[in-house]
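Subject: Structure handover

Hello,

Here is the structure I promised to pass on. Please open it alongside this email.

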Amino acid sequence: MKIRKLGLTGLILILFLMGCGKFVEETASSAENDAPEETQQETEEDEENGSGVEMTSWRESVQKMFEDPYGDYKETGGEIAFLTDGSVEDGAYNEAIYNGVRMYALGAGTSFSYYHAEPDKPESYQETIQRAVEDNAGLIVCAGDVFGEAVGALQEIYPQTSFLLVDAVPHDGDREEIPIAENVHCVLFHEEQAGYLAGYMAVWEGYRNLGFIGGREEPAVLRYGYGYLQGINAAAKDLSLTDVAVNYWYADTYAADNAVREKADFWYGNGTQIIFACGGGLYESVLEAAENRDGLMIGVDVDQCRISDRVLTSAVKNIGSAVTDALDEYYAAGGWSEEDAGQVKRYGVQEGCAAIPVVDTEWRFKEIPTTHFFEIYKQMKRGDRTVSDAVDMPPEVAVSVNYE
C-alpha cells in the first residue's frame, strides 16, 4: 500500500490532538456500505474529489475511538506487530509506542497486533519475534536493549520481515553493536536533552537535594540520567550555587518493586526533595514513597502529571510521533527506503521530540515562568547550550553526586 505521506501525517496529528484513539480493522468498502444515508451522500460528494471512501472510514473510525481506546486490535496476525515485555497501558513508555502504532494503523487501514515477551526469560524475546513472523507480520515494532539483541540474532534469518527497532540498535550478547541489516530501521532519541531540561528547571525552581532512580544501565536510561546531571550542574553554575547534591542509583528493573520503594523512601526521609523516576513502571514505587514522605517526582518518556500532583514535571521524548513518522515513511515508500534501510535516525530538540511538557498540561513550577523554559529550549535548538550524549562514563560535574 502506498499512502500519501503528508495527508496521513496530518490526519494522525488531528487524532493526537483529540487525545484518544482506537484501531478499527475495516475495509473501505464496508465503511461505505455501512454508513447512514446522510454519510453516504457526503461520501458520494467526496468521491467526486477522489477521497470519499478514505474520509468515510476516518469518520467512523474516529467515532469508535472514543468508545474504547484500547480495544479491537488483532490477537495475532496483524500486518504491524508491536512486541513488548510490559503492559501497553503502563501510562508511559510502552503506551506511547502502542499509541503511535495504533494511530498509524487506524489512519492507514492496516491491521495490527501486539505480543508480550516474558521479561524474566531471555529466550522469550527471540521466541516472540518468531511467533510474530509465523503469524505473517510484515513489520515488527519492538523497543529496548533486550529486543536489540533479539533483532540482532534474527534480522538476517528473516530477511523478508521488516523491523522497526526503537531505542536500540542490533547487538550481540556482549552488547557489541553489529551491522544493521537492510530490513531494519532504528529510531533513537536525544534523551539527554530532555533529562537536562528537567534537571535544570528543578534546580532553578529551588530544589537543592535531588535524586535519580533509573531502571537498567541501558543507553536510553544512561542518556536520561547523564543529561539530568548536566542540567542540574548547569543550573547550579548559572545560579552560583554550591549546595546542590544528587543521589544516583540504578534499580535493575523497570517494574514497581519493593527495593525501589524502600530506596526512594529512605532518600526522601533523609532530605531528598525530588526524584527523577526513569524506567517504565518503577515510577509507581517512587510515587508511593513520595506520597508517604511528602516528596516530589519527575516523570519520564510521557507527561505523567495527570497521575499525581506529586509529579512536578516529566522529561519527555515524543515517542509516538517518531513511531508514526517512521511507519509513514515505510509505507509511503513500500518498505524501508535507501535513507532508512539499515540506518539509525535520532530524534531530539531539533525535531520537537525532547522537552518537558508545556502545552496541554499543568505548569507546576511556581518560580519559573514558561518564558524562561522557552529561552533555555531555544538556546539548545540554536546550539548555544549543548548536552553531551556520551554514555561510557558519567559526566564531569561540580555538584555533589552520590553514586550507589
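Below is what I found, from the whole chain down to single residues.

Please keep in mind that this is a predicted model.

**The chain as a whole**

The chain has 404 residues, and 56% of them count as buried. It holds 13 helices and 13 strands. About 17700 Å² of the chain is exposed, and carbon and sulfur atoms supply 44% of that area. Take the contacts with a separation of 6 or more. Residues 24 or more positions apart account for 70% of them.

**The six-stranded sheet**

Start with the open sheet. It is built from 6 strands in the order 2-1-3-4-5-11, with parallel pairing. Strand 2 (112–116) and strand 11 (344–347) are its edges, each pairing on one side only. On average, neighbouring strands here are turned by 20° against each other, direction ignored.

Now look at one pair within it. Strand 1 (residues 80–84) and strand 3 (residues 139–143) are joined in the parallel sense by 4 bridges. Ile80 stands opposite Leu139 in strand 3.

Two helices are worth a look here. Helix 6 (residues 124–134) lies across strand 1, strand 2, strand 3 and strand 4 (162–166). It runs at about 155° to strand 2. Helix 7 (residues 145–154) packs on the sheet too, touching strand 1, strand 3, strand 4 and strand 5 (184–189). The direction of helix 7 makes about 155° with that of strand 4.

**Around strand 7**

Next, move to strand 7 (245–250). Of its 6 residues, 5 are buried, so by the under 20% cut-off for relative accessible area the strand is mostly covered. Strand 6 (residues 209–214) runs parallel to strand 7, and 6 bridges join the two. Gly211 has Asn247 in strand 7 as its bridge partner. From strand 6 the chain passes through helix 9 to strand 7, and this β-α-β crossover is right-handed.

Strand 7 also pairs with strand 13 (residues 400–403), in the parallel sense, over 4 bridges. Asn247 turns up again here: its bridge partner in strand 13 is Asn402.

**The cores**

Which residues have the most contacts inside the largest nonpolar core? They are Met201, Leu210, Phe212, Ile232, Phe276 and Phe373, in a core of 47 residues. Helix 9 gives the largest share of this core, 10 residues. Another core lies apart from it, with 33 residues, including Tyr98, Val166, Phe189 and Ile319. In soluble globular proteins, nonpolar side chains tend to be buried together.

Leu210 is a good residue to click on. Beyond its neighbours within four places in sequence, Leu210 is in contact with ten residues you can pick out by name: Ala202, Val203, Tyr228, Ile232, Val244, Ala245, Val246, Asn247, Thr272 and Ile274.

**A loop residue**

Last stop: Thr242. This residue sits in the loop between helix 9 (219–238) and strand 7. Is Thr242 buried or exposed? Its relative accessible area is 82%, and the cut-off for exposed is over 50%, so Thr242 counts as exposed. Thr242 and Val399 are 157 residues apart in sequence, yet their C-alpha atoms are 7.1 Å apart in space.

Over to you.

Best wishes

Notes. Residues numbered from 1 in each chain as written. Predicted model: local features only at pLDDT ≥ 70, side-chain atom pairs only at ≥ 80, totals over all residues. Heavy atoms only, no water. Buried < 20%, exposed > 50% of the residue type's maximum accessible area, 1.4 Å probe, protein only. Core = buried A, V, L, I, M, F, W, Y, C linked by side-chain atoms within 4.5 Å. Contact = heavy atoms within 4.5 Å. Pairing = 2+ DSSP bridges. Right-handed = clockwise from strand over helix to strand, strands pointing away. Axes fitted to C-alpha atoms, helices over the stretch in contact; angles between N-to-C directions. Areas by Shrake-Rupley, 256 points an atom, 1.4 Å probe, with all protein chains shown as cover.
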